[in-house]
Amino acid sequence: MANTTTSTDYDELNYGAGAKWIKHLTKNRLSTFTGGHFSDVNLSSVLFIHRISDPEHVKLEVWSAPGLTKPSFEEAMKQDFKPAKKGDSFGPSWTNHWFKVSLKIPTSYAKYERVQFEWDPGCEAMIFSSDGTPLQGITGGYGGDRRVEYIIPHDAVKAGKHEFVIETSCNGMFGVPWNGDTIAPPDMNRYFKLDSADIVVPDQKAWGLLADFSTLREIADTLPGNGSLQNKAIVVANSIMNEFDPNDKSSIDRSRKIAEEVFGKDWEKKGEGIYNEGAKRAQVWGIGYCHIDTAWLWPYSVTQQKVARSWSTQIDLMERYPEHRFTCSQAQQFKWLEQLYPKLFERVREKVKTGQFHLVGGSWVENDANMPSGEGLVRQFVYGQRYFESRFGKRCDTAWLPDSFGLTGALPQLIRQSGMKYFFTQKLSWNNINVFPHSTFNWVGIDGTQVLSHMTPVDTYTAQASVGDINKGITNHKNLESSDVSLLVFGNGDGGGGPLAKMLENLRRIRATSNESRELPPVDMGHSVEDFFDNLLEESNGGAKLPNWNGELYLEAPTRLMASPARLFCMRYSCRAIGSIKKGNRKSEILLRDVEHLATLASLYKYKSDYTYPKSKIDDCWEKVLLNQCVYSGMVYVDAEKLYSEVRKDGEELIEEAFAALFPEALQLNDPALKSASGRVVGYNTTFFPRRDVVALPLTGAASRLKSQVVQTSKDGSIGYALMDCASEGGARVSECRGLYADSMPVSVFTNGTDHFVLRNSSVQLTIYKGRITSLVDVQLDRELIPKGQTGGLVIFDDKPNYWDAWDVEIHHLETVHQLEFSNLQITAEGPLRASLKAETTYGKSKITVTALTCLTAGTAASMKHNSRSLFNFEAVVDWHEKHKFLKFEIPLDIHNDVATYETPFGHVQRPTHKNTTWDMAKFEVCGHKFADLSEFGYGVAILSESKYGFSCRGNVLRISLLRAATAPDADQDMGTHEFSWAVMPHQGHFLESDVPIAAYLYNSPLHVRYVPSEFLASPFMTARAPFTISGASNVILETVKRGEDDEANKTTTVILRLYEAFGGHARAKLNISHDFHVTKAQVTNLLEDEVETLRVVRDGVNEDLQSVKLDFHGFEVKTVKLTLGKKSEDDSKRESWVAL
């Protein structure tokens, strides 16, 4: 056999020591090449060629805006500036300081590739051109989000001078925590030092070597220790260290050449073209993103600055890195930019046109996805999509909620009806009990609608574009068997910032490496989020190859709570602020629902001919409410309360304007003119349910004339109670005060004179004994609902989360329950309409006053449903001064079921009452809207809420969460006075047979009561039929009545009705329309009011005053109906009608 030969000689003798290494020592050595103890002799020593900051070359002038004001560029430039210098301090927290910067650049610097200005104020700042165009953001300090360099234009360097302006704001990326802990209360008196204001010349080759070496270290630290690429990266990095000589600049070029052993020959010359080489199919798709919490540890005004800083920086990066694609959500932030930074907004608009700046989300803000009502979620998409379309000529295709703490199962349907079919999130990676099992999946909502969803395996929306991030995109993927691609969402976030140049440099090197080695998954750049999902849709055969997840996406952890004070949030999420925020959300949503209802009727009936639908004012109110549905805490609660106050004021004015059109000369009950006006008290029912209500009327001053219209007066005579009836035609009618009905059985309260009190009517009875609720009886069935030996009432728990104080509640808090007892009980009303007890409870430094009451049965059951029971209402006034305590109300029930039922947007969700699995255990504190219910066959009991969102049901104990007392990020969270109510509602029949959703709806929707002078009691609207009613389907609820979004632009008259199926079953409903309206066309639309289906309008042959359309529903389906109104025909006009279009 012939001998084989090679071109390499192999010596016969070997006297050397060999090339064996000690790997871990070599790997550890790599950490000494940059910074640290050897920074004067390692690579860090040669990163800059020149640095100057003397007054001859850097002239600074400053003007400090007064207080916490945030003047515009134009306003600031009109002020008197004074000299400033490097090393100056400025503050306090949240103040803004404007610097004029004049640079004199040495002529010798023109030969360098780059000259830059380094500005490190230790806080956030933004650089403006001299004409006021925002150029880029600055993040001072020495964290991973540091961005202090501004590249001076080459023309300016050649000219030897450059002038610009810097707005510096005294807050860090995450506010101003007093001890450095992110969630610590803010330090309101922090000052910042200007550490650098230098003209510097960086050695670009040295910075390139730094980037090379950083990527090599990431490979060495990330990949398995027995892989060839990891070992090669260590060897190459070690060789670079051996080659580098700080005194020999040519060693930098040689060192970079060594790096090509991993990155490939001449890889850098290819620039963005590096992504066109190697694997044709990428597994990780990179997209730049800058998550800016619209509100967190800073006020809204700071968010506005963060948006401008972050987005201007990304535009700068797009110019330098053509492959960079940046995605952004939240229409509100775009609107702020448009209003406050119009020049930057135009630059963004241009980048949207070129396909570099991508719009996602389709919502007004990245909103909480549990607490907003169904209509609140609808409006997030309606206002978001309409804004994007109006400003950029396109809608979003992908819903985007990466930071929402849990997601209602109603969302898939709403996403699809908003013109989107894709969905991105990642927050469930925070679960601290169970690992969510999917990365890419079909999310199927409570109604059966699906949306193609991706939860990035990288487990963050603020990835640093590291080797570890890229690798995790595959190694942490939960369902590689059905999809092996993932989305890398990278860039600094929460407080803004977005991608850095070093991230884009790193990604180029990672792609170059994967072009040479299969041990790293190939990363793709230059495409959009929609491109990623389109590819995913195709590869998964339209989602058929993917797993499904049905129902809500429940976030376990951090164990976020709904009961807190104010935090709008998630499954078990709570947060800072005060109790008025949650209440503000609920009350504002209902107020705007009523405003739209009344304004629509006022604009159609035209009794007052000059009335027009106030769409712009309604839009303004909605935008404020939607803004407050962002994920917030910390500094923003003051802003949120202010907005809710404005909505309340404007909403009430809009209602009065509508009433003035519908009820001429109607008076509010506190109007002094009441004294001289004879007339009647009337109430308008803005729900579409029949009802009877006991209404409290003032009886003092001018209102004393109302005494003749009440059935019962308070003990001091200041308040009267009237029975108002709106029991016909399905609601939405005017009601008047009535006397007792024949079927009305008076309510009573009695005591044995010691500590035993009983509230009773003909349907229910409640007993308080020794300060606790010991009995709850269904009188008609003679059924005791509280198990023997158990009691209900207020309970308090220790509340000490493992870290996230205002956000989390831990399961171990349930081990610290302490029952509170009512004391100082006294009877405050004895019937016949209303009976009530007033009680007090003290705990620590707090005082809790609760009025428990019930009203007469039959006349005022929870609803007008046959066999509906009365509810027991609890009205609380709490002077709260506790720390780390958690107040709840509980009622133990002689009812058994494995699940309890909670209201969710446009439906309900059932959650376990047991602890069979860790998935069950994790749901110990959950989100609900207006009710939580525990039922078994034949009977159930619900707790109704008018402003609280936290509930739980463990075993047979049903609870509502009332108040917490965290101390971070606010040391005084929820301190002070709170007023809120809840109700206990027994009902015959299982929940699915009950009237609980209707009762909860009515509980949150009081009548609008006015005094109508006698001469107007016969006005047309007083006797008008209900404008819309539903028949044939008791499980369908008419939620919204409003005018069409485009009526003004199109000069049309349309009415939008939104309905939903509430119990989870099919229905065929008949939507009846008053003959006061002439319907020329009826259509089903999506949420954006795009036409989907034309409906047949039927004129009732028996009842000529009725028009109707038939609507088929499946379980939890939401339908939007658009009615186009026109003039009546000649025959129709012969009928009496007072509607003028």
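**Figure 1. Surroundings of Glu-623 in helix α16 of the predicted model.** Helix α16 covers residues 615-627 and contains Glu-623; helices are DSSP runs of H or I with at least four residues, strands are runs of E with at least two, and both are numbered from the N terminus. Glu-623 counts as buried because its relative accessibility is 15%, where buried means under 20% relative accessible area, exposed over 50%, and partly exposed in between (1.4 Å probe, protein chains only). Leaving aside residues up to four places away in sequence, Glu-623 touches Gln-332, Lys-335, Trp-364 and Tyr-383; a contact means heavy atoms within 4.5 Å. Residues are numbered from 1 along each chain as its sequence is written, and side-chain values use heavy atoms, without hydrogens or water. As the model is predicted, local features need pLDDT of at least 70 and side-chain atom pairs count only at pLDDT 80 or more, while totals for chains, interfaces and linings use all residues.

**Figure 2. An open sheet of six strands.** The strand order is β34-β33-β39-β46-β45-β42, and the pairing is antiparallel; two strands pair if DSSP finds at least two bridges between them. At the edges are β34 (818-819) and β42 (926-927), each of which pairs on one side only. Strand β45 (residues 950-954) is joined to strand β46 (residues 957-963) by four bridges, and the two run antiparallel. Cys-953 has Leu-958 of β46 as its bridge partner.

**Figure 3. Two cis peptide bonds, Gly-91 to Pro-92 and Gly-831 to Pro-832.** For the bond between Gly-91 and Pro-92, omega is about 0°. Pro-92 sits in the loop between β4 (89-90) and β5 (96-104). For the bond between Gly-831 and Pro-832, omega is about 10°. Pro-832 belongs to the loop between β35 (823-830) and β36 (834-843).

**Figure 4. Positive phi at Glu-1089 and Phe-1116.** Glu-1089 is a residue other than glycine with a positive phi, near 70°. The loop that holds Glu-1089 runs between β53 (1079-1085) and β54 (1091-1095), and the residue is buried, with a relative accessible area of 9%. Phe-1116, also other than glycine, has phi near 60°. Phe-1116 is found in the loop between β56 (1106-1113) and β57 (1118-1125), and at 9% relative accessibility it counts as buried.

**Figure 5. Cysteines without a disulfide: Cys-396 and Cys-726.** The structure holds zero disulfides, a disulfide being a pair of cysteine sulfur atoms within 2.5 Å. Cys-396 makes no such bond because the closest cysteine sulfur, in Cys-328, is 10 Å from its own, which is too far. Cys-726 is in no disulfide either, and the nearest cysteine sulfur, that of Cys-737, is 13 Å away. Cys-396 is buried at 1% relative accessibility, and Cys-726 is buried at 3%.

**Figure 6. Stretches with pLDDT under 50: residues 563-577 and 1133-1138.** pLDDT is the predictor's confidence in each residue, from 0 to 100. The chain has a mean pLDDT of 92, and 94% of its residues reach 70 or more. Over residues 563-577 the value stays under 50, and the model gives this stretch 117 contacts beyond four places in sequence. Residues 1133-1138 also have pLDDT below 50, with eleven contacts in the model beyond near neighbours in sequence. Where pLDDT is low, predicted coordinates should not be read in detail.
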